Amino acid sequence: MMPFLAEIEHSPPPGLAPGGWGAGYSEIIKENKLFEQYYREQKIVPEGEFEHFMETLREPLPATFRITGYKSHAKEILHCLKKYFKEVQDIEIDGQKIEAPQALSWYPDELAWHTNMSRKIIRKSPLLEKFHQFLVSETESGNISRQEAVSMIPPLLLKIEPHHKILDMCAAPGSKTAQLIEMLHSDMDVPFPEGFVIANDVDNKRCYLLVHQAKRLNSPCIMVINHDASNIPRFQVDCDGKKDILFYDRILCDVPCSGDGTMRKNIDVWKKWTTSNSLQLHGLQLRIAVRGVEQLAVGGRMVYSTCSLNPVEDEAVIASLLEKSEGALELADASADLPGLKWMPGITSWKVMTRTGEWYSDWSEVPVSRHTQIRPTMFPPTDREKLKEMKLERCMRILPHHQNTGGFFVAVLVKKAAMPWNRRYPKLRHRDLNAMPSDEATPSDPGPGAEPPASTLAGAEALEDLPHAEEDAGSADLESASVDPELGECPQEATSGKDGVCGPPPSKKMKLFGFKEDPFVFLAEDDPVFAPIQNFYNLSPSFPKPCVLTRTHEGKKRHLYMVSKELRNVLLNNSERMKVINTGVKVWSRNNDGEQFGCAFRLAQEGIYTLFPYIGARIVNVSVEDIKVLLTQENPYLNKLESDAYAQAKKLEMGSIVLRYQPDQQNPSMPQCPIELCGWRGKTSIRAFVPRNERLHYLRMVGVEVFQSKQGKGPEPAVEGEPVAAVPEDSGEMEVDGGEEEKVAETDTPSHGGADGGDGEKCSPSAGPHPGTQDEAVPS
């Protein structure tokens, strides 16, 4: 019954008090002398503030959450939040007045908040418990994201616009990715923005946590892939019938780090912290950053960030990157981008310390025996003029004691020209590449002192600087190859073409770990599945049929998904060289009895906002009172609807429908955003097919209190006398791992098939955030 308990050994685990199991865990001592010595010497904290800095690190971190901004309901959710805040601000528990949540001063439009309320306090008050349930429910619906405050900064500094092509290099667990998606969908009237987000992570298990976060936002413009960020393939796209290299307008480079900025929530960092962590990670961080700027379009922005305060992981990486770029990159001045945010400018002088406490100010001081642990790129540039030109003071370090946050570092880089190694090594001949062993397909390692040919690029960026490149080397079917001699890095793969699609060479085949993903199969425009759907829903002629896909080659199609045409382009041109974990939003699901109603596919709530602009029939306009009836009763009779909705529904045959609410600007007390819900018109009744958490969300929007009692005993009033929604337990769609199951009670409502096994929802309990991340998963 509790298999986890069977795995626990009889001996007490580390950290248990000497008294054994009955004595509980000993408290972790928040002291680390080496940490204090290191940061005192580095002088990252202003003079006179170091004790305050250390005291703050020992205090618990406030909980912070963010309202998703791309949905048109953001203001409505904020309105609901403020109502809860008014209720809790006058509460006293154990003689102590509870401080209401406060908006983060630097986050736009009051969409991010922080609170010091602990779970212990929440349990002592029904009102606070109701507030907590509201946060959990809205988080599961994708309307609120729990995320550390400083983690919200990098996406804001990217300045995303709907047409941007965005790469998130180290994306899991996905809170920052969610921000990027929201910004892409800032205009909800546009179902398919021209831009997209490709979210990558090297850890296969963490990719599924990333999928979970991204899928809550129901966007057709997100793709989750599984690659090593330092060696992420260069993708191709079809541009006017020709193959072209995909360059990104925006790149988020939130690299793995030692995580000493997270000490307030990851308290085991206190006893585990040593300088060797940053020394070991520096090379990987630099390789990831180099790979990022290689794939950045000229004129694009890349944000480099860590949740570490260590200059070896921060300024040292940026300085080395700027030095290698030879003027192709510059640090942007982001000081005015987030008014209200307090930050310290980057430093220009720092030292390197070994695990045993030995200090080195310059590479020349490092003994040969330490050369494998300490590298020249870890030190500040020795040329003072060059150091001044870098403007490292434009980097931003957030210190915990300034605004009661975690520690963080962020730098904004703008690409002004092609990278120098792209200009020097622009092409590899096809015949030379095919003749050479793969380990010779890139320029050889010239040694630590030489200029690193970090990439041999085939494509537009190289041609900018070499108009007379040889014709037989002019194909864009070559993969870039990256080498960083100073870091002893192996060259990246160089690939040969195969039927116009690139793939890795035989000796460097991409290693695929984890689950085997189902295929992504795009439907042909003349696929027989479209005709009944087109007629039943009266789809607009502009409906993009080529963007519809399924997850199986054979058998009946259980679910149909949609992606944007730009992501379709990426998928079709890179299927052999990229491992896709998940993409697309579900828009239709097959029901077993559907054909007798005129269409075998019913609408899916996940994709209704994507699909609705193309639907011309099967729409019932409903009022707020109708929404209350539909979401609180399992299968209400048609005559329970108000007269307008009843008349519309009576005219429709049985089958899938859209229930649409249009805001009335003359009545500001009602929701001021459109609502589209999937429903089913039965013989004599009507119902909404909406997942449970979304039902709770929409009920709150229309002013109905919902308070779930503990142990799943059903709804109960938060305060005596308040109305409470009788939300059906059996309502809507219930997601399960590896597929979907839908429970239906009504006799004249169709039964539904299961998943085709391709939804990618295989979240592992072990796929949680690692210590060096600022993001947080769904709150419990």
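In these legends, a contact means heavy atoms within 4.5 Å, and the structure shown is a predicted model.

**View 1. Thr583 and the residues that surround it.** Thr583 belongs to strand 25, which covers residues 580-583. Leaving aside residues up to four places away in sequence, Thr583 touches Ile222, Met223, Phe520, Val563, Leu567 and Leu571. With Ile222 there is also a polar approach, in which the side chain of Thr583 reaches the backbone oxygen of Ile222 at 2.9 Å. The relative accessible area of Thr583 is 2%, and the residue is therefore counted as buried.

**View 2. Ile225 in strand 9.** Strand 9 spans residues 222-225 and includes Ile225, a buried residue whose relative accessible area is 0%. When residues up to four places away in sequence are not counted, the contacts of Ile225 include Ile198, Ala199, Asn200, Asp201 and Cys207, together with Ile232 and Phe235, and also Met578, Lys579, Val580 and Ile581. The C-alpha atom of Asn204, a residue 21 places from Ile225 along the chain, is separated from that of Ile225 by 9.0 Å.

**View 3. An open sheet of four strands.** The strands of this sheet follow the order 28-29-30-31, and their pairing is mixed. Strand 28 (619-621) and strand 31 (686-688) each have a single partner strand, so these two stand at the edges, and one side of each is left without a neighbour in the sheet. On average, and with direction ignored, neighbouring strands of the sheet are turned by 35 degrees against each other. Within the sheet, strand 29 (residues 655-661) pairs with strand 30 (residues 675-681) in the antiparallel sense, over seven bridges, and the bridge partner of Leu659 in strand 30 is Leu677.

**View 4. Helices against the sheet.** Helix 21, made of residues 624-632, lies across strand 29, strand 30 and strand 31, and runs at about 85 degrees to strand 31. Helix 22, made of residues 643-651, also packs on the sheet, where it touches strand 28, strand 30 and strand 31. The direction of helix 22 makes about 165 degrees with that of strand 28.

**View 5. Cysteines without a disulfide.** With a disulfide taken as a pair of cysteine sulfur atoms within 2.5 Å, the count in this model comes to zero. For Cys80, the nearest cysteine sulfur is that of Cys673, at 9.8 Å, and Cys80 is in no disulfide. Cys80 counts as buried because its relative accessibility is 8%, whereas Cys239, at 38% relative accessibility, counts as partly exposed.

How values were computed
Residues are numbered from 1 along each chain as its sequence is written. This is a predicted model: local features need pLDDT of at least 70, side-chain atom pairs count only at pLDDT 80 or more; totals for chains, interfaces and linings use all residues. Side-chain values use heavy atoms; hydrogens and water are left out. Buried means under 20% relative accessible area, exposed over 50%, partly exposed in between (1.4 Å probe, protein chains only). A polar contact is a pair of N or O atoms within 3.5 Å; within protein, one must be able to donate a hydrogen and the other to accept it, and residues adjacent in sequence count only if both atoms are side-chain atoms. Two strands pair if DSSP finds at least two bridges between them. Axes are lines fitted to C-alpha atoms, for helices over the stretch in contact, and angles run from 0 to 180 degrees between N-to-C directions.
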